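Work through the exercises below with the sequence and the 3D structure open. Each task is followed by a solution in steps.

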Amino acid sequence: KPRAGPAAASVAGVPERPSVRMVATLAAGDSFGRMLERAGAGPADAARAAALVAAVLPPAAIEPGTQFAITMGRRAAAGEARSLDRLTFRARFDLDLAIPRDDAGLTVSRRPIAVDATPLRITGTVGSSLYRSARAAGAPARAIQQYLQAIDAHVGLDEGIAPDDTFDLVLAYRRAAGGQARAGDLIYAGLEHGGKPRVQLLRWGKEGQLFEASGM
């Protein structure tokens, strides 16, 4: 085994890095404060950060799986927790939050995210399977299920749809400036045969039911 040479000297301690960066994920059933303490923040910093976030939105509104970029700073003394120097995360689909440390301590800043709420329209030929054709055209599974239920109530899926018919879906859709997108409920269901509409259903009213568009 190798031995230390005569010039070797024992090291009392290794200098600690001035800051540590990490990414933490909020688990289902976890709390914001506990997540921060597990990441290394002290109870006081964790409680202060949680209070700052709660002033902007209810902590329960933060979805499990949300990721937090955390920067931990120096320790005030050996054995103590590092200071929480910065925390950033996506608080909502339309909002980023940052909690930086400045001379006054931890503060919170908001960065709204622009969102385009233009509905998404998807059309195509039914083919051998309406479901598979709509999925291939980019329709979410949930919207297709709503479409199938609506169409089935008016023409019947088994005998009322031909392979050369055209499906027409319009659904609520939100696109954030960063590229993220979220699909909502189906707001229009249409079916054409030979270029002529067979079904035209539009979501309307407080209960959100689909009604025949021609009668509205």
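**Exercise 1. Place Asp-168 in the fold and describe its surroundings.**

Step 1. Asp-168 belongs to strand β9. Helices (H or I, at least four residues) and strands (E, at least two) are DSSP runs, numbered from the N terminus. The model is predicted: local features need pLDDT of at least 70, side-chain atom pairs count only at pLDDT 80 or more, and totals for chains, interfaces and linings use all residues. Residues are numbered from 1 along each chain as its sequence is written, and side-chain values use heavy atoms, with hydrogens and water left out.

Step 2. Asp-168 counts as buried because its relative accessibility is 7%. Buried means under 20% relative accessible area, exposed over 50%, and partly exposed in between (1.4 Å probe, protein chains only).

Step 3. Thr-125 is 43 residues away from Asp-168 along the chain, yet their C-alpha atoms are separated by 9.1 Å.

Step 4. Asp-168 forms a salt bridge with Arg-121, with 2.6 Å between the closest N and O atoms. Arg-121 lies in strand β8 (residues 120-125) and Asp-168 in strand β9 (residues 166-176), so the pair ties together parts that are 47 residues apart in sequence. A salt bridge here is a side-chain nitrogen of Lys or Arg within 4 Å of a carboxyl oxygen of Asp or Glu.

Step 5. Unlike its buried partner, Arg-121 is exposed, at a relative accessible area of 57%.

**Exercise 2. Count the salt bridges and describe the pairs Asp-30 with Arg-38 and Asp-85 with Arg-101.**

Step 1. The count comes to 12 salt bridges. Side chains of opposite charge can pair when their charged atoms come close.

Step 2. Asp-30 and Arg-38 meet through their side chains at 2.2 Å, N to O. Arg-38 has a relative accessible area of 55% and is therefore exposed.

Step 3. Asp-85 and Arg-101 form a salt bridge at 3.6 Å, N to O. This pair links distant parts of the chain, 16 residues apart, with Asp-85 in strand β3 and Arg-101 in strand β4 (residues 95-102).

Step 4. Both ends are classed by accessibility: Asp-85 is partly exposed at 27%, and Arg-101 is partly exposed at 33%.

**Exercise 3. Trace the pairing of strands β2, β3 and β4.**

Step 1. Strand β2 (residues 67-75) runs antiparallel to β3, and 6 bridges join them. Two strands pair if DSSP finds at least two bridges between them.

Step 2. Arg-75 stands opposite Arg-82 in β3. The hairpin of β2 and β3 has 6 residues between the strands, and Gly-79 takes a positive phi near 90° there.

Step 3. β3 also pairs with β4, in the antiparallel sense over 6 bridges. Thr-88 is opposite Ala-98 in β4, and the β3-β4 hairpin has 2 residues between its strands.

**Exercise 4. Follow the chain through β10, β11 and β12.**

Step 1. Strand β10 (residues 181-193) and strand β11 (residues 196-204) are antiparallel and pair over 6 bridges. Leu-201 in β11 is the bridge partner of Ala-189.

Step 2. With 2 residues between β10 and β11, their hairpin has Gly-194 at a positive phi near 60°.

Step 3. β11 pairs with strand β12 (residues 209-212) as well, in the antiparallel sense over 4 bridges. Arg-203 is opposite Leu-210 in β12.

**Exercise 5. Which residues line the largest pocket, and what is its volume?**

Step 1. The largest pocket holds about 180 Å³ of space. On a 1 Å grid over the protein atoms alone, a pocket is an open set of points where a 1.4 Å probe fits, with protein on both sides within 12 Å along at least five of seven lines; lining residues have an atom within 4 Å of a point. Grid points are joined across faces, edges and corners, and the volume is the space filled by probe spheres set on the points.

Step 2. The lining is made by Ala-61, Ile-62, Glu-63, Thr-66, Arg-90, Ala-91, Arg-92, Phe-93, Asp-94, Arg-174, Gln-180 and Arg-182.

Step 3. Strand β3 (residues 82-92) gives the most to this lining, with 3 residues.
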